[in-house]
Amino acid sequence: MTSTVPASLTRSAEGSALQAVFLDMDGTLVDTEGFWWDAEVEVFADLGHDLDESWRDVVVGGPMTRSAGYLIEATGADISLLELTVLLNDRFEDRISRGVPLMPGAARLLAELAAHNVPTALVSASHRRIIDRVLASLGPQHFALSVAGDEVPRTKPHPDPYLIAAQGLGAEPARCAVVEDTATGVAAAEAAGCRVVAVPSVAPIAPADGRVVVRSLEEVDLVFLRSLITAMN
């Protein structure tokens, strides 16, 4: 977990029902889910294997170890999980070094949260080296802290990343709103006890108790996020 702003700013929303906002990265704030799949296709092509398009929905949003492990098993590729992880991160990092496209509404939402001093964390299954690269495009000043997939005991779909983020900001999970784009991320946030906004990127996500599904991040603003917490109290 990396903190990027003074601790004095992490509880500035105190007094509001909404204590903090946690945002996923790939597919939520930045349009990079396709980058990951392209990297996986290219790396496995170099290894002499073709990936089936249907596997994309299986690996999207998952932790690197799960996605890479699944693809090794599915293809029978002769490579270790550690070796594949390094290759995938290298290929992905090369792609994002050419520029990271933001999702529609991402820049506006980050600016609004910052303008109202809402404690905000970036919570991703991606590794720290990748997160730090993307933060340069998102603006590290927008986040009180960031949590990477290789820095937690168990990453998504386990609740650990969101529980760590809440602890880091001194917030109650039930008074935190999470924005996610995959079922894996939604499961992690809900297991942590947070209120969830799902903005599906690759695979559909069904509405459920304590979860709202929207079509685009452009539908999400501070009033909307505060309403999620108020409605549950």
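Start by selecting His 127: its relative accessibility is 16%, so His 127 counts as buried (buried means under 20% relative accessible area, exposed over 50%, partly exposed in between, with a 1.4 Å probe and protein chains only). Before going further, note that this is a predicted model, where local features need pLDDT of at least 70, side-chain atom pairs count only at pLDDT 80 or more, and totals for chains, interfaces and linings use all residues. Residues are numbered from 1 along each chain as its sequence is written, and side-chain values use heavy atoms, with hydrogens and water left out.

Back to His 127, which sits in the loop between β3 and α6 (helices are DSSP runs of H or I with at least four residues, strands are runs of E with at least two, and both are numbered from the N terminus). Who touches His 127? Setting aside its neighbours within four places in sequence, light up Met 64, Thr 85, Asn 89, Ala 148 and Asp 150; contact here means heavy atoms within 4.5 Å.

Two of those names, Thr 85 and Asn 89, lead to the next stop, as they are among the buried residues of α4. Select residues 81-96 to see this helix: at 1.5 Å a residue, its 16 residues should span 22 Å, and the end C-alpha atoms are indeed 22 Å apart (the expected span is 1.5 Å times one less than the number of residues). Now colour the rest of the buried set: Leu 84, Leu 88, Phe 92, Glu 93, Arg 95 and Ile 96 belong to it too. Look down the axis of α4 and its buried residues fall within an arc of 160°, so they line one face of the helix; the arc is that of the directions from the helix axis to the C-beta atoms. What do these residues pack against? Show α1 (33-46), α3 (64-75) and α6 (128-138) to find out.

Next, pick strand β3, residues 120-123. Both faces are covered, with Thr 120 and Leu 122 buried on one side and Ala 121 and Val 123 buried on the other. Add β2 (residues 20-23), which runs parallel to β3 and is joined to it by three bridges; Leu 23 has Leu 122 as its bridge partner. Then add β4 (residues 145-147), also paired with β3 in the parallel sense over three bridges, where Val 123 stands opposite Val 147. Strands pair if DSSP finds at least two bridges between them.

Finally, zoom out: the protein chain has nine helices and seven strands, and 52% of its 233 residues count as buried.
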